[in-house]
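Here is a short tour of a protein model, written for someone at the bench. Have the structure open as you read.

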Amino acid sequence: MSAVVSGVPDGTVPARLTLWDTVTGEPAEISGGPEPASGRGLSGGVHHWHPDGESVVYVASDGSVWRCNVTTHRATEVLAAGGRRWWGPVHSRSGRAVAVVADQNELMRVDADVTVASVHREDDGWVMDAAWFGDSPVALRWSRPEMSWTTSSLTGSPGRPGVSVQQPFSNGTCTGWVSDENGAWNVVVDGITVDDGLEHAGPVWGPGQRTWCTDDEGRKVAYTRNEAGFGSLWVLDRVSRSRVMAGRAVHGCVSWSGTTLAAVRSGARTPPQLVAYDMSDPLAPRRVLTAGTAPGAWSSFDGDLVEPTVHAAGDVPYRLYRASRPNGRLIVWVHGGPVDQWQVTWRPRFTYWLSRGYSIAVPDHRGSTGHGRSFRLALEGSWGAADADDTALVVRHAQGLLGAAARSTALMGGSAGGLSVLSAAARHATLAACAVVSYPVTDLGLLLATPDPFEGHYNRRLVGDPAVSPAVSPGHLVDVPVLSFHGDLDEIVVPAHSLGLRDAVISAGGSVRVEMMTGEGHGFREPANIVREYALTEAFLGEHLA
């Protein structure tokens, strides 16, 4: 088995492509080539095995593609270079060709003699996640003004308006993908939908998501389920229609070879780990390998690794993490996106605050994924209002469950979540004592004017008419102290958002402190900056929360 083990952003520990023996569990690192790229979260799209099992192709951090010999553990051959960024190599069934995506907008075919041919190009859109349908490479595609979660299709197919697809897959015996034609992202194999009332995938924010696959014969389908933010891995027999759960927790990078079903697994108490299930007995999957990289010191924090409970404030779902040694304080933490969801996966940031007695509520406001297409698209035209109102409902509900007062409650969020947090505080008086935001959206007009090649066009659908759309109202934040962190190199939500908010609120008589993070973009990566963020936040909460 193989996986990419991420490195440290400052370069002191490089990422590495690692092989594990499925019998002994012993790891061996591939060497000789540049370090591999890292996927997003539980996504892959970085490497792929040759059908003969003798080699692996992988994408390097510089965007080139290398072939590695599995026996010698050496990377020796460049398959594609030339100044373009390649992603998601996939071998054909014969192994004589590789399908790969270039610059996330062109599907390419690389034959054995390294002849490169273009298969499909989107001049005003995106291409991701190559696969082989017979002898033809295909991939996911969509064009402006759509996003992958609004209307998308596979190359060579006209698709259907108002239907989102993703994750094309074929093992030579069957063909399928994920589609929300029935109202939720469900696996479709040979035209038959696996419909069990829950979603089987998340939003495509980048390449490499793989939440389903089949066995070699195409009879059994392995797929993940989103269970109110929790996760599980299931196996469906397409002939008998029987279904069995292989494992609990959120799984990604799912693949199957022979009698081994493999995945990356994560949960509230489980750092990301590589797992393998023995599927020899289809009615009794058995985990036979667990390989992780988290430091052993995490085991000493067992009492603060908290499983959340699921609740609803009216029609708004949320998860509540209760501190094992509560200090009476509540953090309501809003995910970014805004079309996204924080499933119950490994979140050391949560553990930090839980270990200090804070309970944490995580809202799934309108626009969140995991609850079907209608809920996912319900935010369009009302971003900054509907999400803020949903967040306020969750705040009140969680305060009631915990007996927490507004003066003991802090709101937190980053990027789009920052807009939700600040708008909630501005629209709902006495909701919380303070707010901590990171690279927050505060000026919708400025956001629409900032070039964002991935989702800038979609922001207009979320906002609606910027002349009448709600934005953060500085005058209503006078009574809510705000701490904002912003990367000085952020090109997606530019620093002017935080700086403009600071000037406006201070002019109105309020309190906003802005901390610029040197060398950071949209999200903080350097350990020193992250430590600083924790320390300043803890001091801020200590000052403003009862």
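## Phe350 and its partners

In this predicted model, Phe350 counts as buried because its relative accessibility is 5%, below the 20% cut-off. Phe350 makes an edge-to-face aromatic pair with Trp342, with 5.9 Å between the centres and 65° between the planes. Arg347 also comes into the picture, lying over the face of Phe350 at 6.0 Å from the ring centre.

The whole structure holds 16 aromatic pairs. One of them joins Phe350 to Tyr321, again edge-to-face, at 5.1 Å centre to centre and 75° between the planes. This pair links distant parts of the chain: Tyr321 belongs to strand E28 (residues 316-321) and Phe350 to helix H1, 29 residues apart. Tyr321 counts as buried too, because its relative accessibility is 3%.

## A cavity beside these residues

How many cavities of 30 Å³ or more does a search of the whole structure find? There is one, with a volume of about 60 Å³. Its lining includes Tyr321, Arg347 and Phe350, along with Asp304 and Thr345. By type, the lining residues divide into six nonpolar, two polar and two charged. Helix H1 (residues 348-354) gives the most to this lining, with three residues.

## Other aromatic sites

Elsewhere, Trp126, Trp142, Trp149, Trp205, Phe454 and Tyr458 form one aromatic cluster. Arg243 lies over the face of Trp234, at 4.2 Å from the ring centre.

## Helix H4

Helix H4 (residues 416-427) has twelve residues, so at 1.5 Å a residue it should span 16 Å, and its end C-alpha atoms are indeed 16 Å apart. Eleven of the twelve residues of H4 are buried, among them Leu419, Val421 and Leu422.

Technical notes:
Residues numbered from 1 in each chain as written. Predicted model: local features only at pLDDT ≥ 70, side-chain atom pairs only at ≥ 80, totals over all residues. Heavy atoms only, no water. Helix = DSSP H or I, 4+ residues; strand = E, 2+ residues; numbered from the N terminus. Expected span 1.5 Å × (residues − 1). Buried < 20%, exposed > 50% of the residue type's maximum accessible area, 1.4 Å probe, protein only. 1 Å grid on protein atoms, 1.4 Å probe; cavity = no way out; pocket = protein on both sides within 12 Å on 5 of 7 lines; lining within 4 Å. Points joined across faces, edges and corners; volume = space filled by probe spheres on them. Nonpolar A, V, L, I, M, F, W, Y, C, P; charged D, E, K, R; others polar. Phe/Tyr/Trp six-rings, centres within 6.5 Å; stacked < 30°, edge-to-face > 60°. Lys NZ or Arg CZ within 6 Å of the ring centre and 35° of its normal.
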